[in-house]
Amino acid sequence: MKIYIPMDSAAKALGVEEVATAIRTAAPEAEIIRTGTRGMIWLEPLVEVEIDGERHGYGPATVGDVAGILDGSSVKALGPVADLDWMRRQTRLTFARVGVIDPLSLADYEAHGGLAGLRRALGMDGAGIVAEVTRSGLRGRGGAGFPTGIKWKTVQEAQAPQKYIVCNADEGDSGTFADRMIMEGDPFTLIEGMAIAGLGVGATRGYVYLRSEYPDAIAVMRRAVEIARGAGVLGADVLGSGRAFDMEIRVGAGAYVCGEETSLLNSLEGKRGVVRAKPPLPALEGFLGRPTVVNNVISLATVPVIFEKGAAYYADFGLGRSRGTVTLQIAGNVARGGLFETAFGITLGEVVNDLGGGTLTGRPVKAVQVGGPLGAYIPVGNFDAALGYEELDAKGGLLGHAGLVVFDDGADMLGMARFAMEFCAVESCGKCTPCRIGAVRGVETIDRIAAGDGAAIPLLTDLCETMKDGSLCALGGLTPLPVMSALTHFPDDFATRREAAE
Amino acid sequence: MKDFIIPTERDMGTPAKVGAPVTLEIDGVAVTVPEGTSVLRAAAEAGIPIPKLCASDNLEAFGSCRLCVVEIEGRRGTPASCTTPVTPGMVVHTGSAKVRKIRRGVMELYISDHPLDCLTCSANGDCELQDMAGAVGLRDVRYEAPNNGGMVNHFAPRTTSGEANPEWLPKDDSNPYFSYDPSKCIVCNRCVRACEEVQGTFALTIAGRGFDSRVKAGGAGDDFLASDCVSCGACVQACPTAALQEKSIIEIGTPDRAVITTCAYCGVGCSFRAEMNGDTLVRMVPYKHGKANRGHSCVKGRFAYGYAHHKDRILKPMTRERISDPWREVSWDEALSFAATRMRSLQAQYGRKSIGVITSSRCTNEETYLVQKLARAVFGNNNTDTCARVCHSPTGYGLGQTFGTSAGTQDFDSVEQTDVVIVIGANPTDGHPVFASRLKKRLRAGAKLIVVDPRRIDLVKSPHIAAAHHLPLRPGTNVAVVSALAHVIVTEGLMDEAFIRARCDWDEFQHYAEFISNPRHSPEATALLTGVDPVELRAAARLFATSGNGAIYYGLGVTEHSQGSTTVMGIANLAMLTGNIGRPGVGVNPLRGQNNVQGACDMGSFPHELPGYRHIKGPEVRAIFEEAWGVQIDAEPGLRIPNMLDAAVDGTFKGLYCQGEDIL
């Protein structure tokens, strides 16, 4: 009997370890394989039993369900996991193996298409590798959406004695978890992607800057790097090619702003995590002043499938200038939350109402914040927005890292605007004035509005403009987005306080 | 009369760059600047001032204040002009409605966290924050807390409800020369960057993040005095507000005029603005166009100026008949005629050679020239000497023998183009601090360092600096070590043959090469004597010979030894062997004891040499000066300082005119 049990942090938070222990006790003869998560968080812990070569799901499983799962009588039976609506509707390219394989089995990884991309890349020169990425249309999945191929080309063409690949795994945005899930569920794909990046741009060293809040991902990534090195995937002679690439995992120290690439580089160098002015671009003067590719986990983890299946295959998915797939992270007050990978172009309404099933509380949806704490609050009226970089931008939104946080009609949007300013005040690195002082004044000004001082609203608008146009990085520059979207779309939440006070 | 144009004191925003010319358009004006120049500096060059607070032309651009934002056609947003390099054909607008609004918005934020006590502030009238508030036209600060409560701020010790304000920090008066008032800090980082980039001490940092960010000296619990701060004053100079302020300014007030002068403490010879309030010296500020210091200073020149108003300072001429008499203040006329009469009468009584002069390396060329001329043209003898001959005559002799002229071959700016440096018998961070800061800046940029010194001086290892090789030789073995370095270079074929053939005497070199190649000069053979590890020494020699522009700096640890002249010649040979003479970034540099040792020597203050090192014994030499001065010049070299003292004891030397020198 083969039983697959996730070891993802989300599953752990929902009690999977107790269930796993109970299964081990009840079925000591069973072959238990620990995996990542399928991304259906409302079904976690999701236990899968292989029946006639097909994996049948049971979830959300409790210890009390174990006997039923083992004898097939459980009311939590979901049928074949692959047939579930959530799974069938996805296009799993980046996440193809997550939840399927044992994350730390290199053999399992290879059996599911792993290393095929790297092997293909080893047959290409640097320029060829970069061109392939450019053709795929891949854009930075961290939030900025910058074309990955162009970034790589800049690094590839830079002359320097040493270049670096830095993976930004400082996934600090609220409501985002794609980076963590793939690092916990399919670490080798990130390693393979970084190795291909290294071969492409001529970098022989890589670093994953991984947030300290992800202890499981740190442990899995570290072990995976050791395994990959032991198997010759990393090291002086990558897969016997004579070309070198090695990497290590570095742990952050808890600052949100270190997810900003220049602060990340400062932190990685052992300095204070403050933002650097650009130029110079990290692609030319990055880690230790050398040309550096700084890419998000999902960007790099998508590279292997692009090389495995070809750039054209990947580019065939998507909408407009947003090619390939987007790894949506559905969270907040939502009935069915989790990770959903699909081609760009799906509408916000379909994601929230159809896939997500509306709010968990059952009340009407009021807004969705897309793209993390610096993303806009999008009202239901704009739910026809297609999820693509330009398409969402046209609706005043920001796709960012593709995290969606759903709010029901009980949400106080003035309070959410205040939270955005407070978040900025707490997380500001303190280097530039608009962010350092502006965020603090923003909280105070919103408090004035809350206290009924309607005259403070134009001041808030001016402040947001100063922060948006004047800040050094996206933290101060984008904080006005949630604030102004809340103020613009939900003026009543700002006015009722005034009326109440009068 | 000033026969030169006084350069501008205006801050250009970011450092000057060297590069191919780039032409762009700023506010309709075509501007051409070197590649790599910032838009901020390009605008300044065109006379277009862009508001700024965190930028300064002695610091790399930082981009934190966001006042210098501009609009650039074809680019998104409003980039900071300080961090944006110019590109050909770029079209910049520095004063659009949009950027004006941003600047005013930013300034409103600054002022919302600043004590509005300008009239009683020590920086009143000398405050960049004040200037910029005016420049951006800030008229109103609209921020306030809800329900008339107090806003979060750094300047009020107590909140409106009377509780202690956790953001407020007390003034740090621990440093004797300046105070740090966190309530006036705008977190522009200029002090921190000045400590790092200009001084190289790394004593300052920013503690906390976001609104809590504050300048911090040293580690937790340290104040300025307890930190690594060396009181060079660079941070105080960099501060745009009164956050870091000289205590003298706080006590006396702002200056109303300034006099450019030269610091007399050490051999660097830093230029300063002596800033005066009436006749009271209130502050010494390093002069940004000073060729030795380029706007930097050390604690001595910057703060140790108590001599200016010291009660012991002699401000009026005084005379006395005999040593047992008290000094008597007299008029200048009386003093001059007293001295002239007495000197002449001594000569009448004891002979022409019974009097002499001593001048100093702290005097100007003009002063020194006139004093030696006084001896030669008026006293009719060559009894003229200077301290420079004592401390650096090995330099004079050694470099004169090898190069034909007894001068160091580089100016201090040259260090900026050096790739590998040998420091021998000198401790620049202590002895020549401003030069040391400039050297350290270059070392941080990647130049390599070899220290030849028995001591583990700071340069061997200090923050972000480490010598590639330290050769801790036994005192007295300079010649052996320098010869061993040359031995390695010659025997391993690392010399610059093309340079030697073109610029030196090849036959002489063959002779020298044979001599120096003798195994007795090898690092291994001399190790027993010098105590220097031969492996390290060989590595150091190879590094120096193969790393690009090489410069050698040496001090009294070379010259004040019995074999000083020989070591200097050895050093000069090292430079010639490796082709390191005659262009920027290379050369041989004596680090002198006083700021005009070179000039004192050049001006002819030695008893055997007329100005320009021309020997007194040459009749054709004397003829030139005899014609110019209209007098006969004595053909015999005069007395050196020790000879004068001996002769005085013997009773044959009776009168001395001493200028700027304390021979006791």
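Start by selecting chain B of this predicted model and colouring the charged side chains: there are 68 positive and 73 negative charges, and their mean positions sit 1 Å apart.

Keep chain B on screen and switch to cartoon. You'll be looking at 22 helices and 25 strands. Line the view up with the principal axes, and the C-alpha atoms of chain B fill a box of roughly 95 × 70 × 50 Å. Now put a surface on chain B. The accessible area is about 29800 Å², with 53% of that belonging to carbon and sulfur atoms. Colour by burial next: of the 664 residues in chain B, 52% are buried. If you like contact maps, take the chain B contacts between residues at least 6 apart in sequence; 66% of those join residues at least 24 apart.

Time to zoom in. Select residues 128-135 of chain B, which is helix H3. Which residues of H3 are buried? Show sticks for B:Leu129, B:Met132 and B:Ala133, and you have them. Look down the axis of H3(B): these three cover an arc of only 105 degrees, which puts them on the same side of the helix. The general rule behind this is handy: an α-helix has 3.6 residues a turn, so residues three or four places apart point the same way.

What do the buried residues of H3(B) pack against? Add residues 97-112 of chain B to your selection: that's helix H2, and it is the packing partner. Then step just past the end of H3(B) and click on B:Gly137, where phi is positive at about 75 degrees.

Now hide chain B and bring up chain A. In cartoon, chain A shows 23 helices and 16 strands. The box around its C-alpha atoms, taken along the principal axes, is roughly 70 × 65 × 40 Å. How does the radius of gyration of chain A fit with that of a compact globule? For 502 residues a compact globule would come out near 23 Å, and chain A has 23 Å, so the two agree.

Repeat the colouring by burial here: buried residues account for 63% of the 502 in chain A. With the surface on, chain A exposes about 16600 Å², and carbon and sulfur atoms supply 53% of it. For contacts in chain A between residues at least 6 apart in sequence, 70% join residues at least 24 apart.

Last stop: colour the charges in chain A. You'll find 47 positive and 61 negative side chains, with the centres of the two sets 5 Å apart.

Conventions. Residues numbered from 1 in each chain as written. Chains lettered and ligands numbered in written order. Predicted model: local features only at pLDDT ≥ 70, side-chain atom pairs only at ≥ 80, totals over all residues. Heavy atoms only, no water. Helix = DSSP H or I, 4+ residues; strand = E, 2+ residues; numbered from the N terminus. Rg over C-alpha atoms; globule rule 2.2 N^0.38 Å. Buried < 20%, exposed > 50% of the residue type's maximum accessible area, 1.4 Å probe, protein only. Contact = heavy atoms within 4.5 Å. Areas by Shrake-Rupley, 256 points an atom, 1.4 Å probe, with all protein chains shown as cover. Lys, Arg positive; Asp, Glu negative; His and termini not counted. Charge placed at Lys NZ, Arg CZ, Asp CG, Glu CD. Arc of directions from axis to C-beta.
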